[in-house]
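Q: Please take a close look at one part of this structure and then set that part in its surroundings. State the cut-offs as the terms come up.

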Amino acid sequence: MEHLHTTICALATPPGEGGIATVRVSGPDAYGIVGKIFAPVRQGKSVADAKGYTAMLGHYLLHGAEMDECVALFFRAPHSYTGEDVVEFSCHGGPWLLSRVLRLLLDHGAVPAQAGEFTKRAFLSGKMDLTQAEAVMDLISASGADASRAAMAAREGALSRKTQAVCADLTLLAAHMSAWVDYPDDEIEELTDTHLEETLSRCAGELRHLLSTFDTGKILREGIPTAIVGRPNVGKSTLMNLLAGYDRSIVTDIPGTTRDIVEETVRLPGGLVLNIADTAGLRTTDDPVEAIGVTRARGKLEQSSLVLAVLDGSAPLSDEDRELVLSLRERPAVAILNKSDLGQSGDEDWVRQQLTHCVTLSAREGTGLAELDTAVREALSLGAVDPSAPMLANERQRGCVRRACSAVEEALDAQRMGMTMDAVNICIDEALEALLELDGRQVTDAVVDEVFANFCVGK
C-alpha cells in the first residue's frame with residue numbers, strides 16, 4: 001500500500017460556480033502542506049497545533065500574499081473519514097480561486113486524488129468494509145427516498161452484519177471440523193449430522209434470501225424502466241407532463257402528435273423513481289412516420305419492467321383498448337382510467353377484472369397520483385419492502401453471494417450423501433472465500449480498483 005504514503009487533494013464539491021466549495025486534503029503530510037499555504041487570521045494560531053474537529057478562519061497564500069478568505073476544518077488520524085490526517089478548505093466557489101488552491105497544494109507536495117481515492121483510503125484504513133464503501137456512491141447518486149434509505153442502511157452496515165453473521169457460523173463449523181479431523185486423539189466433540197445440517201441449511205436460507213433482494217435493490221437504486229402506452233389522445237403525454245412536473249411532451253387534440261419516444265426520470269409522491277417513456281399512440285396508421293413511432297412504442301412496451309396502460313375512462317373502451325389490457329395480464333402493469341374529471345363510461349369493472357392494479361385519475365387536473373404510487377408499488381411487489389433491510393446493491397455483491405450460496409448448498413448435499421468431513425469442509429471454505437471477498441477482508445487489488453473506479457474524484 002505504498003500509495004498511502006502520499007498526500008492527496010481534490011475538489012470535493014461539484015465543479016462550477018457556487019457560493020462555497022470544499023477542497024479536501026488527506027495523507028500523512030496534510031498538515032505540513034496546508035501549513036505552507038494557509039495563514040490563520042488569529043495571531044498565535046498555527047496549522048501544526050490544530051486539534052481534530054476544530055475550524056480555523058484564515059487566508060490561503062499565493063507567493064506569500066494573502067488571497068481569498070477561507071475556513072480550514074481539521075481532522076486528526078485516525079478520527080477522520082479516511083483514517084488519515086485530513087484538512088478541508090471551505091472557499092468561495094469560483095473556478096479560478098479553486099484552481100489556485102489546488103495548484104498551491106500540488107506545488108507543495110500533494111498529488112491529485114484518483115476516482116474514489118478518499119473512500120478507498122477509508123476502506124484500506126479499516127474505517128469501513130467494501131460493501132459500506134460501495135454504499136457511499138449509492139448514497140451520493142440516490143434519486144429517491146427509498147434509494148437513499150437503502151444506501152444509508154448499507155453504509156451503516158446492514159448488509160455487512162448479515163453476511164458476517166453467516167460467515168461466523170460457517171467459520172465455526174470449519175474450525176470444528178478441521179480440529180476434529182486433524183486431532184483425532186484429542187477429546188474434541190464430533191459435530192452431529194443434525195447440527196451440521198441445521199447450520200448449513202440456515203446459512204443457505206440466509207444467502208438465498210439475500211439473492212432475492214437484488215432485483216428490488218436495483219429497482220430502488222436505478223429506478224423502474226416504465227412505458228406509458230395507449231391509444232392516441234387518451235392523455236399519455238398529459239400524464240407524462242404531470243409526472244415530470246413540466247411540459248416534457250407536446251400535448252394537442254390532434255391524434256398522433258407523439259411520434260417518437262420521449263423519456264424522462266420522474267419521482268412518484270412516495271419517492272419511487274420511474275425511468276419513464278411516453279410513446280406514440282398505439283393504432284394502425286398509413287402515416288409512415290407515425291407508423292415508425294408505433295413500432296417503437298410496441299418495442300418499448302416489451303422492454304419495460306412496468307407498463308402504465310392509459311385508457312380514456314370517460315369514453316367506452318375500444319377494441320384496441322381491450323386488446324391492450326388483455327395483453328398485460330401476465331405483466332407488472334397498472335391500468336390508468338384517465339379523464340376522471342369528464343365522468344366515467346362504466347367500463348371500469350371490466351378493466352379491474354382483467355388487471356389487478358387499476359387507478360382512476362385526471363392527468364389534466366393532477367388528481368390521483370397518490371393512488372398511482374400505491375398501485376405501482378403493489379404491481380412491483382414493493383408494498384412491504386423495507387429499504388433499511390440488508391439488500392444487495394450491485395452485480396459484484398450478487399456474484400459473491402451467489403458463489404457462497406452455491407458452495408453452502410454443495411456442502412449440504414455432500415453431508416447428506418455421507419461424504420467425508422474433508423469434502424464438506426472444502427465447500428465451506430469456498431463459501432467463506434466468497435463472503436470474505438464480498439466485504440473486502442480477502443480481496444485482490446484488481447477488485448478493489450474496479451469498485452472505486454466508478455466513484456467521483458472528490459469522494
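A: Buried here means under 20% relative accessible area, exposed means over 50%, and partly exposed is in between (1.4 Å probe, protein chains only). The model is predicted, so local features need pLDDT of at least 70 and side-chain atom pairs count only at pLDDT 80 or more, while totals for chains, interfaces and linings use all residues. Residues are numbered from 1 along each chain as its sequence is written, and side-chain values use heavy atoms, with hydrogens and water left out.

The part chosen is helix α1, which spans residues 30-37. Helices (H or I, at least four residues) and strands (E, at least two) are DSSP runs, numbered from the N terminus. The buried residues of α1 are A30, Y31, I33, V34 and I37. These residues cover an arc of only 165° around the axis, which puts them on the same side of α1; the arc is that of the directions from the helix axis to the C-beta atoms. An α-helix has 3.6 residues a turn, so residues three or four places apart point the same way.

What lies over that side? The cover of the buried residues of α1 includes the strands β2, β3, β4, β5 and β6, together with helix α2 (95-107). Contact means heavy atoms within 4.5 Å.

Among these covering elements, β6 (residues 86-93) has 6 of its 8 residues buried, so this strand is largely enclosed by the rest of the structure. Two strands pair if DSSP finds at least two bridges between them. Strand β2 (residues 18-26) is joined to β6 by 8 bridges, and the two run antiparallel. Within that pairing, R24 stands opposite E88 of β6. Strand β5 (residues 65-75) also runs antiparallel to β6, through 5 bridges. Here V87 of β6 is the bridge partner of F74.

The loop between β5 and β6 contains P78. The peptide bond from A77 to P78 is cis, with omega near 0°. Another of the covering strands, β4 (54-62), follows a loop that starts after β3 (38-40) and holds Y53. Phi of Y53 is near 60°, a positive value in a residue other than glycine. With a relative accessible area of 62%, Y53 is exposed. A second non-glycine residue with positive phi is K339, at about 65°. K339 sits in the loop between β12 (333-338) and α12 (348-354), and its 21% relative accessibility makes it partly exposed.

For comparison with α1, consider helix α11 (residues 319-327), whose buried residues are D321, L324 and V325. Seen down the axis of α11, these fall within an arc of 95°, so they line one face of the helix. D319 and E323, on the other side of α11, are exposed.

A further helix, α3 (residues 117-124), holds T119. T119 is buried, with a relative accessible area of 0%. Its side chain makes a polar contact of 2.7 Å with the side chain of Y81. Leaving out residues up to four places away in sequence, T119 touches Y81, M128, A133, V136, F452, F455 and K459.

Next come the nonpolar cores. Such a core is a set of buried Ala, Val, Leu, Ile, Met, Phe, Trp, Tyr and Cys residues joined through side-chain atoms within 4.5 Å. The largest has 34 residues, of which L170, L200, L207, V408, V424, I428 and L435 touch the most other members. Two or more residues of this core come from each of α6 (158-182), α7 (193-212), α14 (395-416) and α15 (421-439). The biggest share is that of α15, with 10 residues. L435 touches T163, V166, C167, L170, L207 and A404, again not counting residues up to four places away in sequence. A second, separate core of 29 residues includes I228, L272, I276 and A375.

Some totals give the setting. The protein chain has 16 helices and 13 strands. Of its 459 residues, 48% count as buried. Among contacts between residues at least 6 apart in sequence, 66% join residues at least 24 apart.

Notes: A polar contact is a pair of N or O atoms within 3.5 Å; within protein, one must be able to donate a hydrogen and the other to accept it, and residues adjacent in sequence count only if both atoms are side-chain atoms.
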